[in-house]
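This briefing covers the fold and the metal sites of one protein chain. The points are grouped by topic, beginning with strand pairing.

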Amino acid sequence: MQTLVQMVYPPRCLSCGGLVDSDFGLCGACWRDTPFVAGLACDLCGVPLPGLSDRAEHCDDCLRIGRPWAQGRAALLYRGIGRRLVLALKHGDRHDIARPAARWMARAARDLHRGDLLLLPVPLHHHRHIARRYNQSALLAGAMAEEMGIVFCPDALERRQPTPSLDGRSRDERFAVLEGVIGVRPARRALLADRPVMVIDDVMTSGATLAAATEACHAAGAKEVFTCVLARVAKEP
Ligand SMILES: [Zn+2]
Ligand SMILES: [Zn+2]
């Protein structure tokens, strides 16, 4: 059956559309050009750091801005093919990207795996959800939960009010706009209580959204909060 499906729909590279041998996601050339996070990275946001270390290290941003979560991971940097994949998943109806992307995220976050870990996607406000028809973070969280053999709850977090576009806003403005905007649905609070949770989003820019989601999880009594994103926006080296 699998062979028949592959004959009719041979796997294609997520980036260039070329034929690939397996469901791995990317052809060899695109794989090499994709900015995967590898080696030493910030323990809070996943941004790559120079050198080697055998203890948790933090980037300048995370030293300056208090992060309310315990540890965070990113699979890719938001540039080049990394940026194209995020935009295609978010705006291009490219749901086929979610599964391989979730596999990369699960790999990036493998050291944060706990048996009772609960994955929580960052929510869209329902107006935006209707306009876009799907929440890309929920697609990622669902595929990641399957990959890691753990559970996810697509609707535990909710946006309490629509958020204006954050594009072009300064970091301080982003944090001010997002404070208190995300909450845990009252009916889901018991699910989070005294449990490790991981907040899942497609992109981390300033970290304001992840901070708002983390605060909501803490308020609901989560034991530990981790984050994992598909791509981290980072300054060019
Ligand atoms: Zn390719
Ligand atoms: Zn960092």
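In this predicted model, β6 and β7 run parallel and are joined by 8 bridges. Both strands belong to an open sheet of 5 strands, ordered β1-β7-β6-β2-β3, with parallel pairing. The chain also holds two zinc ions, ligand 1 and ligand 2, each with four cysteine donors.

**Sheet**

- Between β6 and β7, Asp 201 has Val 229 of β7 as its bridge partner.
- On the other side of the pairing list, β2 and β6 are parallel and share 4 bridges; Leu 119 is bridged there to Met 198 in β6.
- β1 pairs with β7 (residues 224–232) in the parallel sense, over 6 bridges, and Gln 71 has Phe 226 of β7 as its bridge partner.
- The sheet order β1-β7-β6-β2-β3 is open, and its edges are β1 (71–77) and β3 (151–152); each has a single partner strand, so one side of each lacks a neighbour in the sheet.
- Strands in a sheet are paired by backbone hydrogen bonds, in a parallel or an antiparallel sense.
- Burial of β6 is recorded for 9 of its 9 residues, so the strand counts as mostly covered, with buried meaning under 20% relative accessible area.

**Helices against the sheet**

- Helix α10 (residues 208–219) lies across β2 (118–121), β6 (196–204) and β7, and runs at about 165° to β6.
- Helix α5 (residues 98–108) has buried residues at Ala 98, Pro 100, Ala 101, Ala 102, Trp 104, Met 105 and Ala 106.
- The cover over the buried residues of α5 includes the helices α2, α4 (80–91) and α7 (136–148), together with the strands β1, β6 and β7.

**Zinc ion, ligand 1**

- Its protein donors are the SG atoms of Cys 13, Cys 16, Cys 27 and Cys 30, at 2.3 to 2.4 Å from the zinc ion (ligand 1).
- The site of the zinc ion (ligand 1) is tetrahedral, with angles of 102 to 116° among the 4 donor atoms.
- Along the chain, the donors of the zinc ion (ligand 1) are spaced as C-x2-C-x10-C-x2-C.
- Cys 13 and Cys 27 link distant parts of the chain: they are 14 residues apart, and both sit in the loop between α1 (2–8) and α2 (28–33).
- Cys 13 and Cys 27 are both buried.

**Zinc ion, ligand 2**

- The SG atoms of Cys 42, Cys 45, Cys 59 and Cys 62 coordinate the zinc ion (ligand 2) at 2.3 Å.
- Angles of 104 to 117° among the 4 donor atoms make the site of the zinc ion (ligand 2) tetrahedral.
- The donor spacing for the zinc ion (ligand 2) is C-x2-C-x13-C-x2-C.
- Cys 59 counts as buried because its relative accessibility is 7%, and Cys 62 counts as buried because its relative accessibility is also 7%.

**Whole chain**

- The chain contains 10 helices and 7 strands.
- Its radius of gyration is 18 Å, close to the 18 Å given by the globule rule for 237 residues, so the chain is as compact as a globular protein of that length.
- The C-alpha trace spans about 50 × 45 × 40 Å along its principal axes.
- Of the 237 residues in the chain, 50% are buried.
- Among contacts in the chain with a separation of 6 or more, 74% are between residues 24 or more positions apart.

Conventions:
Residues are numbered from 1 along each chain as its sequence is written. Chains are lettered from A and ligands numbered from 1 in the order in which they are written. This is a predicted model: local features need pLDDT of at least 70, side-chain atom pairs count only at pLDDT 80 or more; totals for chains, interfaces and linings use all residues. Side-chain values use heavy atoms; hydrogens and water are left out. Donors are N, O and S atoms within 2.8 Å of the metal (3.2 Å for Na, K and Ca); water is not among the atoms, so sites may look incomplete. Four donors count as tetrahedral if all angles lie between 85 and 135 degrees; four count as square planar and six as octahedral if opposite donors are over 155 degrees apart and all others between 65 and 115; anything else is irregular. Buried means under 20% relative accessible area, exposed over 50%, partly exposed in between (1.4 Å probe, protein chains only). Helices (H or I, at least four residues) and strands (E, at least two) are DSSP runs, numbered from the N terminus. Two strands pair if DSSP finds at least two bridges between them. Contact means heavy atoms within 4.5 Å. Axes are lines fitted to C-alpha atoms, for helices over the stretch in contact, and angles run from 0 to 180 degrees between N-to-C directions. The radius of gyration is taken over C-alpha atoms; the globule rule is 2.2 Å times the number of residues to the power 0.38.
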